[in-house]
Amino acid sequence: MAYGYISSLLLCTTLSAVLLTGAAQFIAVQSQNLMTDSVSVVEGETAIISCRVKNNDDSVIQLLNPNRQTIYFRDMRPLKDARFQLVNFSDNELRVALNNVSLSDEGRYVCQLYTDPPQEAYADVTVLVPPGNPIIEGQEEPVTEGNETEMTCTAASSKPAAKIRWMKGDQELTGTSQVEPTYDNMYTVSSRLRVTVTREDDGVAVRCIVEHPAVKDFQAQKLLEVQYKPEVKIVVEYPHGLTREGETLELTCVTRGKPVPDRVNWVKVDDDFPTHAVIAGSELLIENLNKSYNGTYRCVATNKIGESYDDYILYVYDAPTTPPPPSTAPPTTISTTPFPDSTQDSRAGEGVQRSVDHAVIGGVVAVVMFAILCALIVLGRYFARHKGTYFTHEAKGADDAADADTAIINAEGGVSNSDEKKEYYI
């Protein structure tokens, strides 16, 4: 009985000790956190591997390669590979640089902390291999509008496989991609594009854009060359209004095409050309119009792709029977340029302004002349009514005489109030 009790007590004591020891070890492990990070590096560049410890209790840190060979034990390098260089060593970090990385260096590296039990953390090193310069292959000859052209873009020997996008100007197009594995987990990617072209695509760049984590802005381009039949437009050079009898008609045929039109012809639809019409290349001139010239005049342009035409319908109106009424404003000039000329508008405005100024000045002059004439008439009538009269003292007695004899006597020598004769003129 006593023996069983003692055995039970010893078992409990042993289990308690084991549990306490495990708990202590668990607490120690948790208090020393070992950390590292995975690394992606471009082939030929440098990879940095960092083993970090939190709350280290002087435990030893070492770094192992994917074959579990020791690269660094504390600050010592047992591995005879000079590409591994110590960057930093302390109680809390072991940092190592791997220079001139190659594909053979890819794999899982181990950060190890000597505890009981040992701790490990893993850093995956991924080596990126950029693709070669993208190459666009396609039809070298010009493409006729409405037809389909095909291009292929290839990005060779990359890791991981690249992605290819297509752009035509600012428009993104969809191609068909194919990925082929080569050696050492390398890949070659090709993308095929088919596109139907129009005349607006002539000279537009088609770009093959390669997307890969090891490169940026990696692309190639090819310019589209599209041939198309001519575009034709008839421009009326003269007249700028109605076509009337006796006037001159001048037309110009404007063409554009690729290749450049090699032949431009003028014809009159369903009728003969006027005998005195003058054709000089793309220009048509008909003088002294009459109604017999009415009809449809056609300009036809031709190149090796095809031909196109534009029509002008001529209708000749009667000549004006009466001249237009006179106008004080200067005649309006019609501009022959596609856009209005502001200089001509300003000159026309200046002419109208000058006409207005002349009219005002003429009115003022007329009023002044009329006022002067009125003043002359009034003065004339005044002087006509007040003619000059001489009054003398010799005649003064005649005014006071009772009869004619007395007046004569008084006038000839009568009594004078003054010794001198005075005259007054009014």
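This passage walks through the fold, the disulfides and one strand neighbourhood of a predicted model.

Overall, the chain is heavy on strands: 27 of them, set against four helices. Of its 426 residues, 28% come out as buried. The accessible surface adds up to about 28000 Å², with carbon and sulfur atoms holding 54% of that. As for contacts with a separation of 6 or more, 62% are between residues 24 or more positions apart.

The cysteines pair up into three disulfides, and in sequence order the bonded ones go 1-2, 3-4, 5-6. Cys51 is joined to Cys111 at an S to S distance of 1.8 Å, with a left-handed twist of -70° about the S-S bond. That pair bridges strand S3 and strand S8, 60 residues apart. Cys51 sits at 0% relative accessibility, and Cys111 is at 0% as well.

Next comes the link of Cys153 and Cys208, S to S 1.7 Å, left-handed at -65°. Because Cys153 lies in S12 and Cys208 in S17, this pair ties together parts that are 55 residues apart in sequence. Cys153 is buried at 0%, and Cys208 is buried at 0% too.

Cys253 and Cys299 make another disulfide (S to S 1.8 Å); its torsion is about -85°, so it is left-handed. It ties S20 to S24, 46 residues apart in sequence, and both cysteines are buried. Cys374, by contrast, is partly exposed at 31% relative accessibility.

Strand S20 also pairs with S19: eight bridges join the two, running antiparallel, and Val235 stands opposite Thr252 there. S19 has a parallel partner in S11, through two bridges, with Thr144 matched to Gln227.

Technical notes:
Residues are numbered from 1 along each chain as its sequence is written. This is a predicted model: local features need pLDDT of at least 70, side-chain atom pairs count only at pLDDT 80 or more; totals for chains, interfaces and linings use all residues. Side-chain values use heavy atoms; hydrogens and water are left out. Two strands pair if DSSP finds at least two bridges between them. Buried means under 20% relative accessible area, exposed over 50%, partly exposed in between (1.4 Å probe, protein chains only). Contact means heavy atoms within 4.5 Å. Accessible areas come from the Shrake-Rupley method with a 1.4 Å probe; for residues, only the protein chains shown count as cover. A disulfide is a pair of cysteine sulfur atoms within 2.5 Å.
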